[in-house]
Amino acid sequence: MSLSERQKHPRPRGLGPERDGVSATTVSSTTIPLVAAHARENGRAGAASWWPLTVLVILAAALRFSTLDLQSLWYDEAFTPVHVLHPSLWATLRAVVHSENTPPLWYVLEWGVSRALGTGAIALRLLSAFAGVATVPVAWAIGRELSARRATAIAAATLVAVNPLFVWYSQEARAYGLFVFMTALAMLCFLRARREPTARRLATFAVTGLLALLTHYFAVFLLIPMVLLLLRDAASGRRTDRDEHPGAAGHASLGVTLLAAGVIVATGTALLPLALAQGGHGAQWIGEWALAGRLEAIPQYYLTGYSGSPLGHGIELLVALPILAGLGLGLWRVLEPREEQGALVAFELAACGVLLPILLVAAGADYLAPRNLVAAMIPVSALIAVIVTATRAGRVGTAFAALIAAAGLAITIDVDLSPRLQRGDWRGVAQILRASPASGGAQAAGGAAAVHGAPAGERVITTVELGAAPLEYYLPSLHNLPRGASVTVREIDETGYFPLTASAGSPPAPGFHLESRHDVNGLVVYRFVAPSPRAVSEATLRRHVITEAHPEVLVE
């Protein structure tokens, strides 16, 4: 072989027989150290690229797990162990049909957790906390898919890690935390399927979309645009990254895309009978909340969290300003083509996730509760991350992203420190009721064990509907006094919240007098006692409430 040929076709470095006067030992002695050094450099580069995600996952876990039991269970959370979870999975599923308005996946998983760990507050909230932490790396991957930039991935993951709305539902024993995670996972699989529309990626998207639907019905509003975009791409033969690599696995056909879409459509269709059977149990409050107030609450929830309204519009504006400024800067500087495409996709998903439920209200199907839109805040966060950290926004955009994250983190910490921003402290109310001096001597009216089915008890407690399930959870001996019944007691405890009725503090029945009043972080307990047991009717107790809300009467 001539010298020119050797230059055109150099022999690969490495081990081999002695050729051209150069021994294998000589080559190895110079090559192996270089390869090892290169591997070390790659390892350091890999660690450097992933350490922000590690830090963010640790931060997300700290924000969620460290205060998982800080707040009391509120009505919806306590309703699950009191009325839905049963020793039998079949009985639990029946309760889901007759008392809930959410698909069954979360309840099945929660049933499994309760069988293993019990129904304490931490055990009940554990699934949501893990789902919330797991959403952070998914958000990171979504950011990378949308713009192919590490800065966008960091921003998206940070927003999810510290946003008070996401943290709130990561600490709630309901389906919303899992709903956010499953929908984010479906969005990630959708983006990857668009980039490389192989049969495997489409199948993964179909499975994650199916799981999202089994977690919450509102997942459909985000899955609709995903499915339509995949079908449009398949029908139009849209070019993707794989088109530049002839040796890569082939693209899926339109038929495979239709099959993936069909799986999601079939799942939604199969859930229709369940949704109709549930009939919106306990959702009457949605229609009673003015539509204008609900529309106003959607951005407020994202800016200051579920409980952030006491902070006022001034704080909302302070949180919104860096978001608006960052978006304005990114759009003014003009996005790169890849960033523009990613922002457009995130915008389309977010718009459908928010606007389609609003359009359904006009059609007469009013289930527009702001918390049902929590998963739509994932594409909203991704949209903010793409634009604010755009390449041409430079360090100023990065600074705005840091300000947005700092504002979210500050409010999240404030929730942990301020009882006024927390769930109602029914656990504190239960502690006061548990310390009641009433003991024995209670009997059913007429000297029998019960009248009209009402069992005898030491005292009777009136509360609002939102307080019934938490009190039954923290005081397991409590149960509802049947309608039309009466009971003989020495003590009447009235519980509620502000604003109080004009009759609050006055005796609910003849022969009782006010012994004490307790304020428990916005909740109020009035204790009335009588010198001797007295018969009190359920109707009398129901009429005398301290809060204008649906009353409940509980006895031991």
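Is C189 buried or exposed? Select C189 and see. This is a predicted model. C189 has 12% relative accessibility. The cut-off for buried is under 20%, so C189 counts as buried.

**Next stop: C352.** Select this second cysteine. C352 has a relative accessible area of 23%. Buried ends under 20% and exposed starts over 50%, so C352 is partly exposed.

How many disulfides does the structure hold? Zero. A disulfide would be a covalent bond between the sulfur atoms of two cysteines.

**Next stop: L368.** Go to the loop between α16 (337–362) and α17 (377–388). L368 is found there. Its relative accessibility is 1%, so L368 counts as buried.

Now show what surrounds L368. Leave aside its neighbours within four places in sequence. L368 is then in contact with P357, I358, V361 and L373. L368 is also in contact with I286, L291, R294 and L295.

Add W289 to the selection. Draw a C-alpha to C-alpha distance from W289 to L368: 9.8 Å. In sequence, the two are 79 residues apart.

**Zoom out: the whole chain.** Switch to a cartoon view. The chain has 21 helices and eight strands. Colour by burial next. Of the 556 residues in the chain, 50% are buried.

Then turn to the contacts. Take those with a separation of 6 or more. Residues 24 or more positions apart account for 77% of them.

Finish with the surface. The chain exposes about 24,800 Å². Carbon and sulfur atoms supply 64% of that area.

Definitions and conventions:
Residues are numbered from 1 along each chain as its sequence is written. This is a predicted model: local features need pLDDT of at least 70, side-chain atom pairs count only at pLDDT 80 or more; totals for chains, interfaces and linings use all residues. Side-chain values use heavy atoms; hydrogens and water are left out. Helices (H or I, at least four residues) and strands (E, at least two) are DSSP runs, numbered from the N terminus. Buried means under 20% relative accessible area, exposed over 50%, partly exposed in between (1.4 Å probe, protein chains only). Contact means heavy atoms within 4.5 Å. A disulfide is a pair of cysteine sulfur atoms within 2.5 Å. Accessible areas come from the Shrake-Rupley method with a 1.4 Å probe; for residues, only the protein chains shown count as cover.
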